[in-house]
Amino acid sequence: MTSSTVQSIRTLDKSGNDITSVGFQRFGFDCEVSLDVLRSLYLRPHYVTTANEDKTERVDTKESNDPAPSTNGGYAAYQSKSIYHPQSHSISYTTLSRFPPVKLLPQAGRKRVLVTGGAGFVGSHLVDRLMLLGHDVTVLDNFFTGSKTSVSHWVGHPNFELVRHDVVEPFMIECDQIYHLACPASPVHYQFNAVKTIKTSFQGTLNMLGLAKRTKARFLLTSTSEVYGDPEVHPQHEDYWGHVNPIGPRACYDEGKRVAETLTYGFHNQDGVDVRVARIFNTYGPRMNPFDGRVVSNFIVQALRGEDLTVYGDGTQTRSFQYIHDLVDGLIALMNSDETRPVNLGNGDEFTILEFAHLVRDIVEDVKRTDDGIASPRRVNIIHEGLPKDDPQKRRPDTSRAKASLEWQPRWTVRMGLEEMVRYYKAKMAEGSL
Ligand SMILES: NC(=O)c1ccc[n+]([C@@H]2O[C@H](COP(=O)([O-])OP(=O)(O)OC[C@H]3O[C@@H](n4cnc5c(N)ncnc54)[C@H](O)[C@@H]3O)[C@@H](O)[C@H]2O)c1
């Protein structure tokens, strides 16, 4: 996908208005950035395959002549490249000569922000936003599920630091805000080593709360809708205590997050630590690991490859899906608001998994047709396999607290988010990295 294709994508919100920027100005915190600039950091081929080296040289030369930095264009020049040479089966990496322009903040408005798990899916999008907004960002990650490449476009920037560190070990740094995300989030990964997962949730959160206490930093925990387990009330509001199997296969994650919340409010009540708790519902978007078994990436990758879509069970179980930019808006709003109670962040549009499979299949066909002029040779089928143990039947957030306290509501329709994600995976396939 070229830069001009990225710029020409039209995205409409739930009310049919164009989305040209994400973020808002609220609670004295400006977090608005141009969608095109943000997109240029992820909606592009990471690898450039070239059979003809001369052609690549020409492309590079043209990009280096792009206009001077602006927050609305000329961003091709900020892209690092990994150039694949098919003949020698090798890759040459280029580093950035210029970074995307970031806001110039007065010292008083500039926060020193620590993002644990910042090299993961959610973390890297949060980091992009905080960096473009002009803050000092430190990412702490052990790269268990995250990858250096998801934030490599900031390495070397004077406002950015990347630290390989496991949060179960203590860590000291001066900071004003801590977004504590470090924890594997997909069942495949958190069940890989269940004891380590619960240790990360407990010991990691304990360490980061200790740091918040010492530095007087504001602390935000990314908890999860999984604290509600297989819920008996629908939709789930924050006062519902949940219905969790403490010894089931998901317990290391669900109970880990529950104890992390307990710790967070322990430090708040006992030591006066300034805390925020976000209970995140299913979120999807570019940079999600395509092989971690989450339903959105599973369906898209299967449909793009022309494989049948696998639905577990009969597909009547429901899920709601939130797009990454809405979540990042919500996390930043929560961090900068006065709300100390847990807050649900999710999209209330509920789908059965079967409906969702049909939607993904249609969108993949539409995107291939409109972007590439290719009609799919055959409609992929939807097939059924056995339901995993303890899979929740229903999940939908009650987001009235987020609306009242944060003035936050999801703007992205599931269709718009899915289209963008299909383009992202399509580009990754074209470059040969998927
Ligand atoms: N994505 C979702 O739908 C969703 C839903 C609910 C909650 N959450 C929460 O949001 C946070 C981020 O989720 P994600 O989807 O980006 O997952 P992810 O797996 O992509 O990111 C997690 C990051 O944490 C890092 N990490 C894991 N263990 C660590 C440790 N011990 N020390 C340091 N770093 C460690 C990983 O390497 C990775 O970069 C998690 O806390 C997750 O529980 C996500």
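This is a short talk on the fold, the ligand shell and two helix pairs of one chain.

First, the ground rules. The model is predicted, so local features need pLDDT of at least 70, side-chain atom pairs count only at pLDDT 80 or more, and totals for chains, interfaces and linings use all residues. Residues are numbered from 1 along each chain as its sequence is written.

Now the overall picture. The chain has 12 helices and 20 strands. Those are DSSP runs, numbered from the N terminus: helices are H or I with at least four residues, strands E with at least two. Of the 434 residues, 43% are buried. Buried is 20 or more other C-beta atoms within 10 Å of a residue's own, exposed is 12 or fewer, partly exposed is in between, with C-beta atoms placed from the backbone. Take contacts between residues at least 6 apart in sequence: 78% join residues at least 24 apart. Contact means C-beta atoms, placed from the backbone, within 7 Å.

On to the ligand. There are 28 residues around the ligand, and Gly117, Gly120, Thr145, Gly146 and Ala185 come nearest. The criterion is a C-beta atom, placed from the backbone, within 6 Å. Helix 4 (121-132), helix 6 (194-215) and strand 12 (218-224) each give two or more residues to that shell. Helix 4 gives the most, with three. By class, the shell has 13 nonpolar, 13 polar and two charged residues. Nonpolar is Ala, Val, Leu, Ile, Met, Phe, Trp, Tyr, Cys and Pro; charged is Asp, Glu, Lys and Arg; the others, Gly among them, are polar.

One residue in helix 6 is Lys196. Is Lys196 buried or partly exposed? Lys196 has 16 other C-beta atoms within 10 Å, so Lys196 is partly exposed.

Next, helix packing. Helix 4 packs on helix 9 (residues 324-336) at about 65°, axes 10 Å apart. Axes are lines fitted to C-alpha atoms, for helices over the stretch in contact, and angles run from 0 to 180 degrees between N-to-C directions. That makes the pair roughly perpendicular. The cut-offs: under 35 degrees is roughly parallel, over 145 roughly antiparallel, 65 to 115 roughly perpendicular, the rest oblique. In helix 4, Val122, His125, Leu126 and Arg129 meet helix 9 residues including Leu327 and Leu331. That contact has seven nonpolar, one polar and one charged residues.

Last pair. Helix 8 (residues 295-304) and helix 12 (residues 414-431) cross at roughly 55°, axes within 10 Å. They are therefore oblique. Val296, Ile300, Val301 and Leu304 in helix 8 meet helix 12 residues, among them Tyr425 and Lys426. Here the classes are eight nonpolar, no polar and one charged.

Notes. Contact = placed C-beta atoms within 7 Å.
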